[in-house]
Amino acid sequence: MTDGAPPQRRGGTVVTRKAPAGGGPAAGSPGGATASPGPARGGDRVRGAGVPGRKSRPGGGGWAPWLYLAPALVVIGGLLVYPVYQLGLISFLEYTQAQVSGGEPTTFQGFGNYATLFGDEQFWQVLLATVVFAAACVVSTLAVGCALAVLLTRVRALPRLALMLAALGAWATPAITGSTVWLLLFDPDFGPINRMLGLGDHSWTYGRYSAFALVLLEVVWCSFPFVMVTVYAGIRAVPGEVLEAAALDGASQWRVWRSVLAPMLRPILVVVTIQSVIWDFKVFTQIYVMTNGGGIAGQNLVLNVYAYQKAFASSQYSLGSAIGVVMLLILLAVTLVYLRLLRRQGEEL
């Protein structure tokens, strides 16, 4: 207990008036007031003061995060890392049917398989055709998917539901089934497309470019739903005030997409672009089914079908593995370069 007036609070500081022994003010305190610190104001905090009973752990959790990730890492190691390791190992060996059957020993070739592959003129022709075909598929898929995603935001509920169901039906159709259906639609004898266009008995799979165009249509048909649904979800997350302001400024639909939606949806577009590049670069089923294994004299070969022919049709498993390693490196390079360009532009992915 203190003598005199009761304690007073001034701006977070408790002021206690204490009567001095000699009847005057307390020494060192003007007017006999002594200050004792009250609760901290705002963000005032004593440096080094922590919560009682809690100790900070250096290292941020130790092994606990790795224990949680261990099951996923084991699955990834079994399904991805080990097969890639085996693929790379076989690409450095002489591994044909003779070695598979045990008739001859397996020998180490070093980069001999890659030298043989890069010295083959057909490999470079197939690589160029694969790059051009994959680029056309990616651009077409993104264009169709993004256009339909914008359309979904403009139509009413019933047409939107019908378009969603139709797109998801195309997406859920197995590749071999879809390829067979498209072949029937464009069949020169019984297909309805030639009759509608008045082309008679025109064979779409006979010419190189018409066959690639037919396969491109099927690839886009079974791939655009992923882009459409993903981009549509991103558009729905954009605040309505932004689109309303653009409309009030008189921006056209194309200008709204180019100047407003596309920059805001860039992280989503990155994901769908990379996925499309990976899927379209390693197309196999559509080419193999619709061109009967690569077209006449291999005119419609892509790298995946070319690797299949080398590995299983010719029993040159080491050359097929080398083609697989080249495809893997190309896809990794494209993905890393694309992500690096986006990071230079300041995008956080």
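**Exercise 1.** In this predicted model, determine how helix H4 and helix H11 are oriented to each other and what the handedness of their crossing is.

*Solution.* Two packed helices are described by the angle between their axes together with the distance between those axes. Begin with the distance: the axes of H4, which covers residues 121–152, and H11, which covers residues 266–281, come within 9 Å. Next take the angle, since these axes cross at roughly 140 degrees. Angles over 145 degrees would count as roughly antiparallel, and 65 to 115 degrees as roughly perpendicular, with the rest oblique between the named ranges; H4 and H11 are therefore oblique to each other. Finally, the crossing in which H4 passes H11 is right-handed.

**Exercise 2.** Find which helices supply at least two residues each to the nonpolar patch on the surface, and classify Leu332 as buried, partly exposed or exposed.

*Solution.* First list the members of the patch, among them Val75, Ile76, Leu328 and Leu332, which together with the others have about 930 Å² of accessible area. Then assign them to helices: H1 (64–91) and H14 (317–344) each supply at least two residues, and the largest share, 6 residues, comes from H1. Leu332 itself is found in H14. Because its relative accessible area is 46%, Leu332 is partly exposed.

**Exercise 3.** Classify Tyr338 by its accessibility, and state how far it lies from Val270 in sequence and in space.

*Solution.* Locate Tyr338 in helix H14. Its relative accessibility is 29%, so Tyr338 counts as partly exposed. Lastly, although Tyr338 and Val270 are 68 residues apart in sequence, their C-alpha atoms are 8.5 Å apart in space.

Definitions and conventions:
Residues are numbered from 1 along each chain as its sequence is written. This is a predicted model: local features need pLDDT of at least 70, side-chain atom pairs count only at pLDDT 80 or more; totals for chains, interfaces and linings use all residues. Side-chain values use heavy atoms; hydrogens and water are left out. Patches are made of residues with over 30% relative accessible area and no salt bridge: like charges are joined within 9 Å, nonpolar side chains (Val, Leu, Ile, Met, Phe, Trp, Tyr) within 5 Å. Accessible areas come from the Shrake-Rupley method with a 1.4 Å probe; for residues, only the protein chains shown count as cover. A salt bridge is a side-chain nitrogen of Lys or Arg within 4 Å of a carboxyl oxygen of Asp or Glu. Helices (H or I, at least four residues) and strands (E, at least two) are DSSP runs, numbered from the N terminus. Buried means under 20% relative accessible area, exposed over 50%, partly exposed in between (1.4 Å probe, protein chains only). Axes are lines fitted to C-alpha atoms, for helices over the stretch in contact, and angles run from 0 to 180 degrees between N-to-C directions. Angles under 35 degrees count as roughly parallel, over 145 as roughly antiparallel, 65 to 115 as roughly perpendicular and the rest as oblique. A crossing is left-handed if the near helix is turned anticlockwise from the far one by less than a right angle, and right-handed if clockwise.
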